Amino acid sequence: SSPRLIAEECRIARQLEPRLQDQLAALKQSNCSRDPQMRGMIADLVRGHEDDLAMARKATAKSECR
């Protein structure tokens with residue numbers, strides 16, 4: 001990848017990480033997760049956010065992002 005693309009990936013990952021953390025915390029504390037009809041959907045959203053957060057952390061951990 002070009003240095004410009006790597007820099008953009010790092011910038012986006014740094015901005016995305018705290019937002020995903022906040023959204024995950026809110027989803028986990030949501031009363032919706034107690035509703036049997038909503039539980040599966042909330043679990044899917046949490047898993048998706050956790051995967052996205054892991055990717056953002058992986059991107060910012062690269063030596064090019066430091």
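The expected span of a helix is 1.5 Å times one less than its number of residues. Keep that rule at hand for the two helices of this predicted model.

**Stop 1: helix α1**

Select residues 3-29, which make up α1. Put a distance between the C-alpha atoms at its two ends. The 27 residues of α1 should span 39 Å, and the end C-alpha atoms are 39 Å apart, so expectation and model agree.

Next, look along the helix axis and centre on Leu-16. A kink of about 25° lies there, shortly before the proline Pro-18.

Now colour the buried positions of α1: Ile-6, Cys-10, Ala-13, Glu-17, Leu-20, Leu-24 and Leu-27. An α-helix has 3.6 residues a turn, so residues three or four places apart point the same way. The cover over these buried residues of α1 includes α2.

**Stop 2: helix α2**

Select residues 36-61 for helix α2. Repeat the end-to-end check: 26 residues at 1.5 Å each should span 38 Å, and the end C-alpha atoms of α2 are 38 Å apart, which agrees.

Which residues of α2 are buried? Ile-42, Val-46, His-49, Leu-53, Ala-56, Ala-59 and Thr-60 are. Show them together with α1, since α1 is what the buried residues of α2 pack against.

**Stop 3: the start of α2**

Move to the N-terminal end of α2 and show Asp-35 as sticks. Asp-35 caps this end, with a side-chain oxygen 2.9 Å from the backbone nitrogen of Gln-37. Gln-37 itself belongs to helix α2. Is Gln-37 buried or exposed? Gln-37 counts as exposed, because its relative accessibility is 73% and the cut-off for exposed is over 50%. For a sense of placement, draw a line from Gln-37 to Leu-27: their C-alpha atoms are 15 Å apart, with the two positions 10 residues apart along the chain.

While in this region, select Cys-32 as well. Cys-32 is partly exposed, at a relative accessible area of 35%.

**Stop 4: the nonpolar core**

Select Leu-20, Leu-24, Leu-27, Ile-42, Val-46 and Leu-53. These six residues form the largest nonpolar core. The elements that give two or more residues to this core are α1 and α2. In soluble globular proteins, nonpolar side chains tend to be buried together.

Centre on Leu-20 to see one member of the core in context. Beyond residues up to four places away in sequence, Leu-20 touches His-49, Asp-52 and Leu-53.

**Stop 5: Glu-17**

Step along α1 to Glu-17, which lies in that helix. Is Glu-17 buried or exposed? At 18% relative accessibility, Glu-17 counts as buried, because buried means under 20%. Show Arg-57 too: the side chains of Glu-17 and Arg-57 are joined by a polar contact of 3.2 Å. Leaving aside neighbours within four places in sequence, the contacts of Glu-17 are Leu-53, Ala-56, Arg-57 and Thr-60.

**Stop 6: Thr-60**

From Glu-17, follow the contact to Thr-60, which is found in helix α2. Thr-60 has a relative accessible area of 18% and is therefore buried. Its side chain reaches the backbone oxygen of Arg-57 at 3.1 Å. With residues up to four places away in sequence not counted, Thr-60 touches Cys-10, Ala-13, Arg-14, Glu-17 and Cys-65. Two of these names, Cys-10 and Cys-65, lead to the last stop.

**Stop 7: the disulfide**

How many disulfides does a search of the whole structure find? The search finds one. Show Cys-10 and Cys-65 as sticks; the disulfide joins these two, with an S to S distance of 1.7 Å. The pair links distant parts of the chain, Cys-10 in helix α1 and Cys-65 in the segment after α2, 55 residues apart. Turn the view to look down the S-S bond: the torsion about the bond is about -80°, so the disulfide is left-handed.

Both ends can be checked for burial. Cys-10 is buried, at a relative accessible area of 2%. Cys-65 counts as buried at 7% relative accessibility.

Finish by expanding the selection around Cys-65. Apart from neighbours within four places in sequence, Cys-65 is in contact with Cys-10, Arg-14, Ala-59 and Thr-60. Add Glu-9 to the view: the C-alpha atoms of Cys-65 and Glu-9 are separated by 8.6 Å, while the residues are 56 apart along the chain.

Key: Residues numbered from 1 in each chain as written. Predicted model: local features only at pLDDT ≥ 70, side-chain atom pairs only at ≥ 80, totals over all residues. Heavy atoms only, no water. Helix = DSSP H or I, 4+ residues; strand = E, 2+ residues; numbered from the N terminus. Buried < 20%, exposed > 50% of the residue type's maximum accessible area, 1.4 Å probe, protein only. Polar contact = N/O pair within 3.5 Å; in protein donor to acceptor, adjacent residues only side chain to side chain. Contact = heavy atoms within 4.5 Å. Core = buried A, V, L, I, M, F, W, Y, C linked by side-chain atoms within 4.5 Å. Disulfide = S-S within 2.5 Å. Bend = angle between axes of the 7 residues up to and from the residue.
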